[in-house]
Amino acid sequence: MWSLEISHAVIAVMKFADKQAALETADVLVIDDDPGDIVLTRQVLKHGGTFGQILSASSADEALALFRGYLRQPDGHAWTRLPAVVLLDIWMPVKTGHDFLEEFAELRDNELLGGVVVAMLSSSSADHDRMKSSRFSFVIDYLVKPLGVADVDRFLSGIATRRGVRHQS
């Protein structure tokens with residue numbers, strides 16, 4: 001009886017460790033037209049979390065092209081794996097972050113992209129920007145620039161909660 005309970009406990013701990021490891025090695029894609037904001041966001045992410053690669057795209061179109069390219073040829077793509085998390089600026093020239101969300105929603109119908117989540121990272125704290133972003137179920141957070149370590153910790157806790165893992169800050 002005890003050995004069965006201990007076995008279940010060991011399995012639960014192993015599953016937790018696997019989920020925690022997956023979270024801690026998740027690749028992040030930062031989409032922002034401001035190179036300075038990308039550098040700052042990278043530094044804060046490196047300091048505040050334990051991520052895999054921190055990738056970047058300087059426009060919504062560039063990021064969408066990367067995702068489309070991955071869907072066409074996942075084995076031969078520049079990314080060795082998909083980013084699990086996208087940090088997305090809203091106000092970019094040509095195509096805004098909201099435009100990205102519209103197109104990305106269609107791409108997410110593909111099961112390869114179904115697990116990718118987005119957090120808005122914007123200088124705007126306007127309610128209408130938050131509301132427009134929240135229409136998409138895959139948008140899990142709205143962070144206001146400049147990003148700080150406390151924001152990263154809160155963000156990681158939110159991701160962990162969605163994945164059924166407790167984040168240790």
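## Contact between α3 and α4

In this predicted model, helix α3 meets helix α4 through A60, A63, L64, F67, R68 and L71 on the α3 side, and through F100, E103, F104 and L107 on the α4 side. By residue class, the contact of α3 with α4 comprises 8 nonpolar residues and 2 charged ones, with no polar residue taking part.

Two packed helices are described by the angle between their axes and the distance between the axes. For α3 and α4, the axes come within 10 Å of each other and cross at roughly 5 degrees. Angles under 35 degrees count as roughly parallel, and α3 is therefore described as roughly parallel to α4.

## Helix α3 and its surroundings

Helix α3 covers residues 60-72, a run of 13 residues, and spans 18 Å from its first C-alpha to its last, which is close to the 18 Å expected at 1.5 Å a residue. The buried residues in α3 are A60, A63, L64, F67, G69 and Y70.

Helix α4 (97-107) is one of several elements against which the buried residues of α3 pack, the others being the strands β1 (28-31), β2 (54-57) and β3 (85-88). A60 also has a partner outside the helices: T96, in the loop between β3 and α4, is in contact with A60, I90 and W91 once its neighbours within four places in sequence are left aside. T96 is itself buried, with a relative accessible area of 16%.

## Aromatic cluster

The structure holds 4 aromatic pairs. One of them joins F104 and F138 in an edge-to-face arrangement, with 5.6 Å from centre to centre and 70 degrees between the planes. This pair links distant parts of the chain, with F104 in helix α4 and F138 in the loop between α5 (127-134) and β5 (139-144), 34 residues apart. The rings of F136 and F138, for their part, have centres 5.5 Å apart and planes at 50 degrees, so this pair counts as tilted. Ring pairs link F67, F100, F104, F136 and F138 into a cluster, and F67, F100 and F104 also belong to the contact of α3 with α4.

F104 and F138 are both buried, and the same holds for F136 and F138 as a pair. For F138, the relative accessible area is 5%. Leaving aside neighbours within four places in sequence, the contacts of F138 are with L101, F104, A105, R108, V116, V117 and V118. F138 and A105 are 33 residues apart in sequence, while their C-alpha atoms lie 8.3 Å apart in space.

## S56 in strand β2

S56 is placed in strand β2, one of the strands against which the buried residues of α3 pack. Its relative accessible area of 29% makes S56 partly exposed. With neighbours within four places in sequence set aside, S56 is in contact with L29, V30, I38, R42 and E62. The separation between S56 and L29 amounts to 27 residues along the chain, yet 5.2 Å between their C-alpha atoms.

## Backbone features in two loops

Two local backbone features deserve a careful look. The peptide bond from K145 to P146 is cis, with omega near -5 degrees, and P146 is located in the loop between β5 and α6 (149-162).

In the loop between β3 and α4, V94 has a positive phi of about 70 degrees although it is not a glycine. V94 is exposed, with a relative accessible area of 81%, whereas T96, which is found in the loop between β3 and α4 as well, is buried.

## The chain as a whole

The protein chain contains 6 helices and 5 strands, and these follow the pattern α-β-α-β-α-β-α-β-α-β-α when read along the sequence. Of the 169 residues in the protein chain, 43% are buried. Among contacts between residues at least 6 apart in sequence, 67% join residues at least 24 apart; the contact of F138 with F104, two residues that are 34 apart in the chain, is an example of a pair beyond that separation.

Definitions and conventions: Residues numbered from 1 in each chain as written. Predicted model: local features only at pLDDT ≥ 70, side-chain atom pairs only at ≥ 80, totals over all residues. Heavy atoms only, no water. Helix = DSSP H or I, 4+ residues; strand = E, 2+ residues; numbered from the N terminus. Expected span 1.5 Å × (residues − 1). Buried < 20%, exposed > 50% of the residue type's maximum accessible area, 1.4 Å probe, protein only. Contact = heavy atoms within 4.5 Å. Axes fitted to C-alpha atoms, helices over the stretch in contact; angles between N-to-C directions. Parallel < 35°, antiparallel > 145°, perpendicular 65-115°, else oblique. Nonpolar A, V, L, I, M, F, W, Y, C, P; charged D, E, K, R; others polar. Phe/Tyr/Trp six-rings, centres within 6.5 Å; stacked < 30°, edge-to-face > 60°.
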